[in-house]
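Dear colleague,

Please find below the structure that I am handing over to you. My notes on what was found in it follow directly after.

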Amino acid sequence: MTTILYRKQNNIAYVTINREESLNCFNYQTLHELKEVTDSISLDSEVKVVIFTGAGDKSFSAGADLKERKTLNETEVRRNVKEIRDVFNGIASLPQPTIAAVNGYALGGGFELMIACDFSIAAEGVKMGLTETSWAIIPGAGGTQRLPRLVGEMKAKELIFTARRFTAEEGLDLGVVLKVVKKENLLVTCEQLAFNIMKNGPVAITQAKYAITQGMNTDLHTGLAIESKAYELTIPTEDRMEALHAFSEKRDPIFTGN
C-alpha cells in the first residue's frame, strides 16, 4: 500500500499522508514517497497550488513513527532525520503556494510539515505542537528555525522547551494558523484560498513567493534587491499586458502563465 496518495484536479495538487492506522506518522518509506511526490510537483507547471493533509479525520500527522524509530540503530536514525529535513525543505522550497489542511493532530514532525507550508488552515479543536523534547530529542526538520520566525524567539523557546500541546485556536492567535474552521468545511476552505490565489498571474505568484521567502532570511537591503530581481521577471510576460488590456476593456483578465 502506498503511504502517500496523490491526485491533481483543477490545477490543485492534493497530497495525503496515507497511514491512518498509525496517525499518519512518518516512517522511512513515507518520507521516501513524499520526497518523490514533492520532486515531481516542483517540475509540474500544471500544478498551481498544493494542499497537504492526512488520511482520516483524527490526525494530520503525529510526527515520526516511534515504533519504527525504536528498531533503528544510530546510523539509521540519522538517515531518517536527514530525510525528513530534506523532504520538508523541499516542500518549503516548492515554487507553488502550499496549504496545510490540518484535519487532526499536528505533532512533532507533523507540526514541522505544517509550518513548512505557506498557509495552515486547521479544524476546530485540533491539537498541535513541537513535542520532541518530551522524547529527549529536538525538532530536526526545521522546527527550531521556522517556529521562531513565525512566533518570535521567546515564544518558540517556551513551546519547544515545554513540549506543550496547544489548540488550533491558540495557533491562530500565535500566527502559525491562518484560519480555524469546522472540520466539515476544512477542505473547501483550503480550496477557496487556492482559487483566490490562482485567479492571479502565475508568474507573479511564483515571484512573490520567492521574494517573500528569500527576503525573510536576509537583511532589508538584500531583500529589496531580491524583490527587484523578482519584479524584473514579471515585466516581459504576456500576462502583465493581458492585465492592462483587461482593465481598459472592463473585463476579467485571462492569465496563461506566459
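**Loop residues with a positive phi**

Asn11 is located in the loop that connects S1 and S2. Please bear in mind throughout that this is a predicted model. Although Asn11 is not a glycine, its phi is positive, at about 70 degrees. For context, most residues other than glycine have a negative phi. Asn11 has a relative accessible area of 40%, and therefore counts as partly exposed.

The two strands on either side, S1 and S2, make a hairpin with 2 residues between them, and Asn10 in the turn also has a positive phi, of about 55 degrees. S1 and strand S2 (residues 12-17) run antiparallel and are joined by 6 bridges. Gln9 has Ile12 as its bridge partner in S2, while Ile4 stands opposite Ile17 of S2.

A further residue other than glycine with a positive phi is Ala136, for which the value is near 65 degrees. Ala136 sits in the loop between strand S8 (127-129) and H5. Its relative accessibility is 72%, so Ala136 counts as exposed.

**The two sheets**

Which strands make up the sheet that contains the hairpin, and in what order? The sheet is open and has 6 strands, ordered S1-S2-S3-S5-S7-S10, with mixed pairing. Strand S1 (4-9) and strand S10 (179-181) are at the edges, each pairing on one side only. From one strand to the next, the twist averages 20 degrees. Helix H8 (residues 186-198) lies across S2, strand S3 (49-54), strand S5 (98-102), strand S7 (119-123) and S10. The direction of H8 is at about 155 degrees to that of S7.

A second open sheet, also of mixed pairing, consists of 4 strands in the order S4-S6-S8-S9. Its edge strands are strand S4 (59-61) and strand S9 (166-167), each of which pairs on one side only. H4 packs on this sheet and touches S4, S6, S8 and S9, with its direction making about 95 degrees with that of S6. Within the sheet, S4 and strand S6 (residues 105-107) are parallel and pair over 2 bridges. Ser59 has Tyr105 as its bridge partner in S6.

**A contact distant in sequence**

Glu20 belongs to the loop between S2 and helix H1 (28-42). With a relative accessible area of 48%, Glu20 is partly exposed. Glu20 and Ala55 are 35 residues apart in sequence, yet their C-alpha atoms are 5.4 Å apart in space. Leaving out residues up to four places away in sequence, Glu20 touches Ala55 and Gly56.

**Nonpolar cores and helix H5**

The largest nonpolar core comprises 44 residues, and those with the most contacts inside it are Phe88, Met114, Met128, Leu147 and Val176. Apart from this core lies another, of 13 residues, including Tyr14, Val181, Cys190 and Leu193. When neighbours within four places in sequence are set aside, the contacts of Phe88 are Phe26, Leu34, Gly109, Glu112, Leu113, Ala116, Ala141 and Arg146.

Two of the residues just named, Leu147 and Arg146, recur in helix H5. Which residues of helix H5 (residues 143-151) are buried? They are Gly143, Arg146, Leu147 and Val151. Viewed down the axis of H5, these buried residues fall within an arc of 110 degrees, so they line one face of the helix. The general background is that an α-helix has 3.6 residues a turn, so residues three or four places apart point the same way. The cover over the buried residues of H5 includes helix H3 (74-92), helix H4 (109-116), helix H6 (153-162) and helix H7 (168-174). Just after H5, Gly152 adopts a positive phi of about 95 degrees.

**Domains**

The protein is divided into domain 1 (4-198) and domain 2 (200-249). Taken over C-alpha atoms, the centres of domain 1 and domain 2 are separated by 27 Å. Between them, 12 residues of domain 1 are in contact with 6 residues of domain 2.

With kind regards

Methods. Residues numbered from 1 in each chain as written. Predicted model: local features only at pLDDT ≥ 70, side-chain atom pairs only at ≥ 80, totals over all residues. Heavy atoms only, no water. Core = buried A, V, L, I, M, F, W, Y, C linked by side-chain atoms within 4.5 Å. Buried < 20%, exposed > 50% of the residue type's maximum accessible area, 1.4 Å probe, protein only. Contact = heavy atoms within 4.5 Å. Pairing = 2+ DSSP bridges. Axes fitted to C-alpha atoms, helices over the stretch in contact; angles between N-to-C directions. Arc of directions from axis to C-beta. Domains from an automatic or database assignment.
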